[in-house]
Each structure stands twice: as C-alpha cells, then as structure tokens.
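Trainee: I have this model open and would like to know how its labels are earned. Could we go through a few of them together?

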Amino acid sequence: MQTTWSRNPRDSEQPDAPPPSAARGKRRRRTLPWAVIAGWVLLLLVAVPFAGKLEGAKRDTAVDYLPAGADSTQVARLQEGLPGGDAIDLVLVFHRDGGLTGGDRKAAGERVAEVAAHHDLVGGQAPRAVPSKDGTTLMYPVALTGLTDEKERADAVKDVRAELAAHPEGLRVQVGGPGALRADSQEVFASTDGTLMFATAGVVALLLIITYRSPLLWLVPLGVVGVAAMAAMAIVYGLVEGFDLVVTSMSSSIMTVLVFGAGTDYALLIVSRYREELRRHRAPYDAMREALRGCGPAVLASSGTVAAGLLCLLAADLNSSSGLGPVGAVGVVCALAAMMTLLPAVLVLLGRRVFWPLIPAYGSEPRSTRRGFFEAMGGSARRRPGTVLLGGAALLGVLAIGVLNLPGNLKQEDTFTDKPESVAATETLARAYPDSSSQPISVMARTAAADEALRLARATEGVARADAGRSGGGWTEIDVFPRGAPQSARETATLHALRSGLVRVEDADALVGGPSAQQLDLKDTNARDRMLVIPLVLIAVLLILAALLRSLIAPLVLVVAVVAVWGAAMGLGGLFFEPVFGFAGVDPGLPLLSFVFLVALGVDYGIFLMHRMREESLRGADVPDAAVTALRTTGGVIASAGLVLAATFAVLATLPMVMLVEMGFVVAVGVLLDTFLVRTYLVTSASLLLKRWVWWPGALFRRTAAAPGVPDAPGSPDSSAPADQGGPSGAGSRPEPAVRGG
C-alpha cells in the first residue's frame, strides 16, 4: 500500500527531479487519487449489506466464551443435544419481608401453574415449592426445554416474567437462575452496540476538532475510519460464513474501539507528516508521497505489532479470547488499509485548503509554540537523564503495588454495573437460603453408568440432593444441588470433590459443569493462557521492532517500558475498582487482554518516536540530539494520538458490563501513562543514557562508534539514501524548489 505513493528510484539523486515523462506523471497525479477513491466506493457498496448482517451472526452462548477443552464446555455442548435442546434453568422467587401470607402462597402456586401450562418443562410436571426456614421466601426451580436458539430462550424468560407480573401488593416476585442471568446479559450487550459506535465516533470527532482547529479537516479521518469499520464488519461476517469464526458481542465491541482508536492514531501521524511536507513541496501529491515514505514504515510496523499481538490470542484455550484475536486483527488491518490509501487520496484531492484556517504555505516555517513545549520536555530529560529515568521508574513501581489491592475473581452475578432482576433474585435467595444453593451443578454421565454416578454424587460431601434428568444420545443429565451458595468456597470444594470422585465411576466418562463450574474453569484457563500467550506477544513484538529499528537494545527498551506501564495500569485498577467503583471482583480475562492491548498499542508510540530518532541519526545527528529532535517533532502527534486512543477505550467504561468498564479503565490509563510519562521522559532518558548503544548491534551503532556525528559514507551498510533525504524515510530537512503539478 505504501509503494502506491513511492518516488521513482531515480528521484534518490534529485528530490524534485521530474519523472521521465512529465505528461505521464501529471496524468498519474490526477487519476491515481480518483482511482483509489473509486475502488473504495465499490468496496463499500459491496461491504455495507454484509456489515449489516454481522449483528445476526454474533454468538453469545456459554460455549462461545468457555474454555475449548474444559469439562464445563463439554457439558454445555452435550446438553444442547439432549431432548428439547439446551434447557434453561430458572428460579421463580416469591418473597415478602415480613413473612409470606396464605394469599401469597396461593398466588405463587397459581402463577407457577400458569408458567407450567405455557412452557415445556424438564420432567413434564409443575415444579414443587421450596420454602425458606424463616418463612419469607418460596422458590420454584424450573427447567425449560424445547428452546433451540438464544432468541427463543431470551423470549421465554420475558414470557415467564410477564406471566408472573400479577401478584398481591407487597409480594416481591423475581425470575433468577442461570437462564435469566444469560438473558439479561444478552439484553445488555444488545443495547451497547449502537451506543458504543455513536459514543466512540462522537469522542473521536471532538478530539479531532480540538487537535486540528479546522472546520473541515476532522471530517476526513473520521469518515475514513467509518469506511474502515464497515469494511472490517463485512470481512468478519465473511469469515463467520466461510470459516465458522465465532464472533461474540464482546469481540465485536472491542473491534469497533480498535478500528476507531488505531485508525485515528494512524491518521494523526500521516496528517502531521503531510502538513510538514506541504511546507517543503509545492504539489500536494508530492508532499503526500514524501509523507508516506517518511511515516509509512512506522505505521506499518505499528499496525503489524497490534495485529501480531492480537493473533497470538489464537493460542489461548479460552474461546472468547481466541475468537477475539482474528476479529481484532481484521479491524486493525482494515484501519491500516484505509489510512494508507483512502485518506491520502482524499487529502491530495482536497489540497491545502483542507487545513483552513491554518494552511501550511509552501516554504513557510511551522509555528514554534507547540514545538517549544516538547523541546522543553526533552531538554529537562537531557539535563538529568539518570534522575528522570529513576524517578519515572519509581513512580511506575509505586503504582504497580496497587495490584495487591485487586479484588478477587468476579462472580457471575456481579458482572453488571446496574443490577438486573436476575441478580436481585440471586441476592434474595442467598439471604433466604444461606445453607443451600438454588443453582444446580450439572453432571453428564453415560446412561449405562448413570445410576452409579447418581449414587456417588448423592454420597459426595457438600451435596444436598441430586436428581436424574434428561437422557439422550447415550448420555444422562444429573442435577446436583450443593449446600454452599453459588461460587462460594463451600460450593467450590463440592465441585472439586465431584470431579475427583466421579472420575472413578467405571465407563461413566462423567463430566461436571454448570454455571459455577464454568466460572471455575474460566479462572483456571485464563491462568494457563497467560503463561502461554504473554511470551508469544513479547516475542512477536520484539521481532517486529528489531526488523524496523535494526537493533536489539531499542526494542528491549520499548518492550520493558510498555510492560512497566501495564503493571502500573493494573495497580491503578486495584486502587479504583473496589474502593471507588464498588466492583466486587476482577474479570479473570482482564490481565491477559489488557496486556495484549497495552503492549501492542503502547509500542505504537515508541515506534513513532524511535523511528524518527533513527531517521535523525541517519542524517548524522548524535543520539542525544536525535532523541530530543524526535521528541520535539513527534511529541505533538503522539500526545494527540494517545488522547484519542485513551478516549476511545474510555468509552468502554460507560457500558453497563463490569468487564468492559475494567478493560476500558486499565487500557485508557495505561495509554495515558505511556504517552505522557514513558514515551516523553523514560524512553528519551534511557536513549540519552545508552547513547550509541541504543542501536546495538546494527549499522548505526558501528558507524557512530567509528565516526560519531558523521553521516554514512556512500555505500555503507545503513546508507540507503543521501543524508539530505533522511535515509530510508526520505524526509528532507530543507524547503525544496517548486515543482509542477497539483
């Protein structure tokens, strides 16, 4: 994509030398941008219908989030094959604070009979009431069958709630249980898609208006990001149809944020460099060509690190994590493609007037106020690099201590920021039935050995009762009710006892699942995935950085910096999640996903800074001068990009799911720390202290060792262009003579 705008090799000798055929070059300048736009318009016409179908292709069943190889996942799959499909377990709760009256009990019985008459129940009989010891509550465990998909299950929960709506005054009626909790989760996710898209677009638009201070310019990158989002949704839908890719509501939401955040970051870098080149080139086409030559490698490496980091999630055993990898990578690649082709084409056709009222005139010098600010920051780091580095590292270390204050794992009923009816029902049951559980543990055993498995389950310590359920396909379902509350230590001990005991039943192939087992498997699988995926992400990022910077030390500096940022951001989460936000726990997937996002996205700004620093070194500057110049020239765009990316992830914190709020908070504060502390001070200070060793063992290290401050001699290993062109990036340092054309 970058080569579309690249200069003819003959131009390496004369920056403004006209092409061999002036007429052909002039025609290319006119037709190429229009051809690029026409191609994207055709792509958009094809993509929009398919993008609209992605909503219906999302899958949010339990197995779409659970570990691929866990017992609880296999139980959920086997339950789908039983007669009636995947039954949904509900608990009908009738509660009065002062104690139930005779009229309350009669009304409860009538309402439950009505539910039994309108729905297919496991066993075919109306459920029996289970009264609480204090006489305040009646619960009716109900299992509905014959529901083939998630929409039917969600509609069934709504119908049950409507059938229980008529009741005596003062009697509290609630529908809880795993089925109701899942239906409430789907309703919350369904309400977030439009909110997330419009909120993200609004935040990005506001920040672009503030950044560009132009009534027109902000519309261009925002419109291009919208095109990239449509293309990404269409491609993801194609992957769903062609390869059965699993797309959940969570992965779709994160893809939206990635497209807007990463795409806007790339746009900011390209537009900033384009503005710089417009002061050196008369023709917008030539300015854009040089801008892409200058920042193209950084943008490509940046998107490559994000995509590679996300694709490392394919190695995760957790279905929700492994599915997020390709979905997010598609979003990033679409953002890259749009920003490297469509954005330049539109900007070239609009010309300089798109920057109105701050139009960069040919041969003019940029305003010095913004430069002076970042130059002052670089100067402070240059005066005391050791002190700045130690002080910043100490601050990150202190913030990371907050990890010790992180709450425990998030329980299923605590996953919402606003309490739905299913969670309220769970709390009512926990108070009324402190010594028993309304939520069964699901055991699947071979039918031939089901009786023995049932006998052993009833004899297991911590089990209140166990009942045989449906049979089909050679399997029998057993509902085991533990004495402990859901996800309590007592229930967890019962789960472990069942798994260790039932495995001894010969020919039973017993599997233990259900909601609590699912949460336990999620926790254990996330721990294993972290041990596998985190090293893969670090290796992938290091390899890409080493290829771009042609050094081993500079990539290590950047990776250590972003890992430190992740630790500090998680520590801030520990200081805010429970004390400030009131969250009862941390989602088990947060450490892994936040690491992938912060390392892959955080390295972006290091790439922008280090690539410009290398560019200055290729021109002959020593490392201290190159570091300060890189900070001065990229500081503004990195600050703007960091604010935009942090703001887009912060939009997740407005959604009603605790996991997304926690993810948005950690990534947003991590990006801000990375932008204004690590990139500005710590990476710059480390580079100043390392001097030429920052480029070890590349050609720049060897060249500066031989002749510090002297440009590469022609034909030297790292001299791919004369010094006045800025080496491989091709950004000149002086105004060029006028050229013909656009």
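Trainee: Why does R550 count as partly exposed?

Mentor: Happy to start there, and keep in mind that this is a predicted model. The relative accessibility of R550 is 43%. Buried means under 20% and exposed means over 50%, so R550, at 43%, counts as partly exposed. R550 sits in the loop between α15 and α16, and its phi is near 55 degrees, a positive value in a residue other than glycine.

Trainee: What makes K691 partly exposed?

Mentor: The reasoning runs through the cut-offs again: K691 has 47% relative accessibility, and exposed needs over 50%, so K691 counts as partly exposed. K691 belongs to the loop between α19 and α20 and has a positive phi of about 55 degrees, although it is not a glycine. That loop also holds P697, which is joined to W696 by a cis peptide bond with omega about 0 degrees.

Trainee: How do you know whether S594 is buried or exposed?

Mentor: S594 has a relative accessible area of 0%, and the limit for buried is under 20%, so S594 is buried. This serine is in helix α17, and it touches W566, M570, M663, V666 and V667, leaving aside residues up to four places away in sequence.

Trainee: What makes the pairing of the S594 and W566 side chains a polar contact?

Mentor: The distance is 3.1 Å, and the cut-off for a pair of N or O atoms is within 3.5 Å, with one able to donate a hydrogen and the other to accept it. The pair therefore qualifies as a polar contact.

Trainee: Why is α18 described as largely enclosed by the rest of the structure?

Mentor: Of its 28 residues, 25 are buried, so α18 is largely enclosed. This helix bends by about 50 degrees at T634. At its N-terminal end D622 acts as a cap, with a side-chain oxygen 3.0 Å from the backbone nitrogen of D625.

Trainee: What makes α8 largely enclosed too?

Mentor: In α8, 23 of the 28 residues are buried, so that helix is largely enclosed by the rest of the structure. A kink of about 50 degrees lies at C295, shortly before P297.

Trainee: Which residues lie nearest the centre of the largest cavity?

Mentor: They are L269, R273, C295, R612 and T634, from a lining of 14 residues. The space inside is about 120 Å³. The lining divides into five nonpolar, five polar and four charged residues, and α7, α8, α17 and α18 each supply at least two of them.

Note on methods. Residues numbered from 1 in each chain as written. Predicted model: local features only at pLDDT ≥ 70, side-chain atom pairs only at ≥ 80, totals over all residues. Heavy atoms only, no water. Bend = angle between axes of the 7 residues up to and from the residue. Helix = DSSP H or I, 4+ residues; strand = E, 2+ residues; numbered from the N terminus. Buried < 20%, exposed > 50% of the residue type's maximum accessible area, 1.4 Å probe, protein only. Contact = heavy atoms within 4.5 Å. 1 Å grid on protein atoms, 1.4 Å probe; cavity = no way out; pocket = protein on both sides within 12 Å on 5 of 7 lines; lining within 4 Å. Points joined across faces, edges and corners; volume = space filled by probe spheres on them. Nonpolar A, V, L, I, M, F, W, Y, C, P; charged D, E, K, R; others polar.
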